[in-house]
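Me: I am new to this structure and would like a close look at one part of it, the surroundings of the ligand and whatever they lead to. Please go slowly, and afterwards set that part within the rest of the chain.

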Amino acid sequence: MAKKKPVKKTSKTPRVPKFKKPDFTLTRQHKIVLGSLLMLFAIALFIAFISFFFTWKMDQSELGQLDRISETQNWMQKFGANISHFFIYKGFGIASIIFSVLLFRSGLNLFLSSQKKLFNNWFWGCIIVIWVSIFSGFFFSSLPLLGGTIGYEINSFLQDYIGGIGIGLLLLFGAITYAVVRLKLTPENVTEYFKKKSEAIKEDFATDETIPEPTLNVDETTATTTPENATIEEATGKKTEVEKSDFELSIENLQPTIKNHSDREKEATKPQKLDTSFEVEIPPEEETEIEVEKILEEKTVTENLSDKLVKEHGEFDPKLELGNFRFPTIELLKDYTNGSSITINQEELEENKNQIVTTLRNYKIEIASIKATVGPTVTLYEIIPEAGVRISKIKNLEDDIALSLAALGIRIIAPMPGKGTIGIEVPNKKPAIVSMRSAIASKKFQEAEMQLPIAFGKTISNETLVVDLAKMPHLLMAGATGQGKSVGLNCILTSLLYKKHPAEVKFVLVDPKKVELTLFNKIERHYLAKLPDSEEAIITDNSKVINTLNSLCIEMDNRYDMLKNALCRNIVEYNAKFKARKLNPNDGHKFLPYIVLVVDEFADLIMTAGKEVETPIARLAQLARAIGIHLIIATQRPSVNVITGMIKANFPARVAFRVMSKIDSRTILDNSGADQLIGRGDMLYTQGNDLIRIQCAFVDTPEVEKITDFIGAQKAYPDAHILPEYVGEESGISLDIDISDRDKLFRQAAEVIVIAQQGSASLLQRKLKLGYNRAGRIIDQLEAAGIVGQFEGSKARQVLVPDILALEQLLENEKNE
Ligand SMILES: Nc1ncnc2c1ncn2[C@@H]1O[C@H](COP(=O)(O)OP(=O)(O)OP(=O)(O)O)[C@@H](O)[C@H]1O
């Protein structure tokens, strides 16, 4: 019994599939049968189509008649005549043959069980059918059979709407699309292909010459496979064992089917190089396409990433955020000259000349020639004395000439640098105001290719003096009260507002007088920079200046780090690199605006804060030039305890308005002269060498107000430019914070700091998402708890607890105490 059971089972099992639901997946046999059917049907169609072109006229009367009596001439008889009529006559004309090809291809696919998807072939095949049909209908309209009814109809439809030229262009467009999308042809890879071809031919010639007996045995090559040998052979030209990669072998195996026997002889005489030229020529067509694509890909990979980014997105534009920002218009400025700028008073000129000549003659100084240049406030008389007159003699007559001309502010420049004359500056009786409008409108300013151009005013020869603050690189301004300092500062700021976009320059304004610069509050979110926790951008409180200056020092250090990482020497190089997208913002790089620090009443500041201010100012003055921080310091009292040696050494560019004494003039200019100015914007400017007398451009408060209103009304950044945080030293002192007063996040913050081993408020801000003030408070509490060390300027505080375990112990001990 036990033996019989398995026998029964085995006899039953073969039957089970018969009763199960049919399996629709095609077996290999099914595929062969179906594939052959399709191929044969395609051949039948092909034959029918071809014969249709010869027999269609004769068969026309027989169409649709399926009885056996009627006779048809088509090689495929009634079937052929009818189906051809349907496809060719009523359909697409000669293009219908393509259907038979597609059908054959599909059959072959099935027959060979190929995994290839033929959707693309059918899709593009249909497109070609339509294109050929229209093409034939258009160009062979006398042979309607070529285009078929569809070709004819589409053509006549298009003729009505776009005409013959339109159809021609449409067909051309179709052909281009096919070539580009389907055949992946681009002008580049076509030229590449021809280049390759010509190179291969050249190399053939070369190798033909070097190899006397090229005997390449195809059979031998198939035996081994190490690609290196093949390249050695190429390089040396010697005949060695030629070993090839799989890919090359597969190509070679294909050769006989394509080239066949006739080419054998030729083949044998050609060196192995020739095979590579076949890589492009030999089908299958899709493989050729892929190869072309690969070449393109390689190119893009080798391309510089920054170049690619610039190509895709263009250069980085720092102004983009305020892309619609409009610079203030010139109309906002007033024209004080009322049309007539400088009036030359001939009488006055003559009178002054005579006075100078007679005064000098009284001292037995004869003049060979005299020439006058009329400036806005002073006229320059240039004299050439007779030979043998000592220059110092004339220089000593300054007061005498002033007396005889009965005029204030006579200055003698002996000799005039680079001119070979002696200059005597005599104030005009009616000084002309140099309006800011004329300075801004001047060609010199408008076309100035400078980083921070400033139109100061007009020189004695009526030229607008435009200087670059970035080149100065810092400016010291002095002048007694009421002589034009504040106007001078406004003139500088206005110049920058007219030339620089808010993204390019930021001002840090210190105004202890509280009234001079308040107007600039309106442009806080455009142009001003401030400390993170401060309410007002313009600093009026002297104690806050120290924080700001230290913060600028931190900014300076940060910027130097950024420059170092970017391998740049200065801000211009850095920004250019950043714009060219060569610096990654994820590495902390950003576009750096210039920062201009303006301090009005510096003396006041030194009096109240002393060394605390002097040290960061000197540091900034010494180091900040390369990283785009520039200082402008103005003072009423140019005494030596205000303008110390350290400050003077770092401020080569100086402006002196009228001062009260020669000593003051020497303090500010290292030269006398400022005491002889006439005030009201009359100034001397030096950038380390010559003194230039300038009439400062005049810009009145209402004008500044109009400009700031104009800018202030425009879209701004969300906030003023934020400077790095600086926690003053005083915040670290006398910290005896009660444990119960601690922040809720104290413990969490302590853990963050201990894990990171970095005691900085900004770390807490980032990790715990805190505001600046709260993070600063927690840092103070951590210091009081002995977790972090004391404040160390720009550096992060030292963490005094080595790990979490020690922290827990410390906090536990605290509780127990
Ligand atoms: N460039 C100028 N052209 C014509 N007039 C000027 C010029 N600069 C200043 N003034 C005149 O001098 C006056 C005082 O100028 P300003 O307020 O700039 O002096 P200051 O040196 O800043 O004085 P203080 O130090 O007391 O503030 C102005 O109101 C103006 O009338």
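Reply: To speak of what surrounds a ligand, one cut-off is needed: a residue is near a molecule if its C-beta atom, placed from the backbone, lies within 6 Å of it. It should also be said at the start that this is a predicted model.

With that cut-off, 14 residues stand around the ligand, and those that come nearest are Gly-484, Lys-485, Ser-486, Gly-681 and Phe-698. Sorted by class, this shell holds eight polar residues, four nonpolar ones and two charged ones. Helix 21, which covers residues 485-499, gives the shell its largest share, namely three residues.

Helix 21 leads on to a sheet, and the sheet is best described before the helix is placed on it. Nine strands make up this open sheet, with mixed pairing, and their order across it is 6-5-14-13-12-7-11-10-8. At its edges are strand 6 (464-468) and strand 8 (505-510), each of which pairs on one side only. Direction ignored, neighbouring strands here are turned against each other by 30° on average. Helix 21 packs on this sheet and touches strand 5 (453-459), strand 7 (475-478), strand 8, strand 10 (594-599), strand 11 (629-635), strand 12, strand 13 and strand 14 (691-696), while its direction makes about 130° with that of strand 5. Helix 25 (residues 602-609) packs on the sheet as well, where it touches strand 10 and strand 11, and its direction makes about 90° with that of strand 11.

Within the sheet, strand 12 repays a closer look. Strand 12 (residues 653-656) and strand 13 (residues 682-686) run antiparallel and are joined by three bridges. Along this pairing, Ala-656 stands opposite Leu-684 of strand 13, and Arg-654 has Thr-686 as its bridge partner in strand 13. Strand 12 is also joined to strand 7, this time by four bridges and with the two strands running parallel; here Ala-478 is the residue that stands opposite Ala-656. Both faces of strand 12 are covered, since Ala-653 and Val-655 on one side and Arg-654 and Ala-656 on the other are all buried.

The rest of the chain gives this part its setting. The chain has 817 residues, of which 33% count as buried, and its secondary structure comes to 33 helices and 15 strands. Among contacts between residues at least 6 apart in sequence, 66% join residues at least 24 apart.

There is a further open sheet, formed by four strands in the order 1-2-4-3 with antiparallel pairing. Strand 1 (367-374) and strand 3 (411-413) stand at its edges, and because each has a single partner strand, one side of each is left without a neighbour in the sheet. Neighbouring strands of this four-stranded sheet are turned by 20° against each other on average, direction ignored. Helix 16 (residues 346-362) packs on it and touches strand 1, strand 2 and strand 4, with a direction that makes about 145° with that of strand 1. Six bridges hold the antiparallel pairing of strand 2 (residues 378-385) with strand 4 (residues 422-427), and Leu-380 stands opposite Glu-425 of strand 4.

Some stretches carry an annotation from a record. The unreviewed UniProt entry lists residues 32-56, 86-110, 122-141 and 161-181 under "transmembrane region". In the model, residues 32-56 are 100% helix and 0% strand, with 34 Å between the end C-alpha atoms. Residues 161-181 are likewise 100% helix and 0% strand, and the end C-alpha atoms of that span lie 27 Å apart.

Two residues from other helices complete the picture. Ala-775 is found in helix 32 (residues 772-784), and it counts as buried because it has 25 C-beta neighbours inside 10 Å. Apart from its neighbours within four places in sequence, Ala-775 is in contact with Ala-761, Leu-764, Gln-765 and Leu-770, and its C-alpha atom is separated by 8.7 Å from that of Leu-763, 12 residues apart along the chain. Gln-748, by contrast, is found in helix 30 (residues 746-756), and with 14 other C-beta atoms within 10 Å it is partly exposed. The C-alpha atoms of Gln-748 and Lys-767, which are 19 residues apart along the chain, are separated by 10.0 Å.

Terms used. Residues are numbered from 1 along each chain as its sequence is written. This is a predicted model: local features need pLDDT of at least 70, side-chain atom pairs count only at pLDDT 80 or more; totals for chains, interfaces and linings use all residues. Ala, Val, Leu, Ile, Met, Phe, Trp, Tyr, Cys and Pro count as nonpolar, Asp, Glu, Lys and Arg as charged, and the others, Gly among them, as polar. A residue is buried if 20 or more other C-beta atoms lie within 10 Å of its own, exposed if 12 or fewer, and partly exposed in between; C-beta atoms are placed from the backbone. Two residues are in contact if their C-beta atoms, placed from the backbone, lie within 7 Å. Two strands pair if DSSP finds at least two bridges between them. Axes are lines fitted to C-alpha atoms, for helices over the stretch in contact, and angles run from 0 to 180 degrees between N-to-C directions. UniProt positions are given in the numbering used here, feature names are shortened, and annotations may be inferred rather than shown by experiment.
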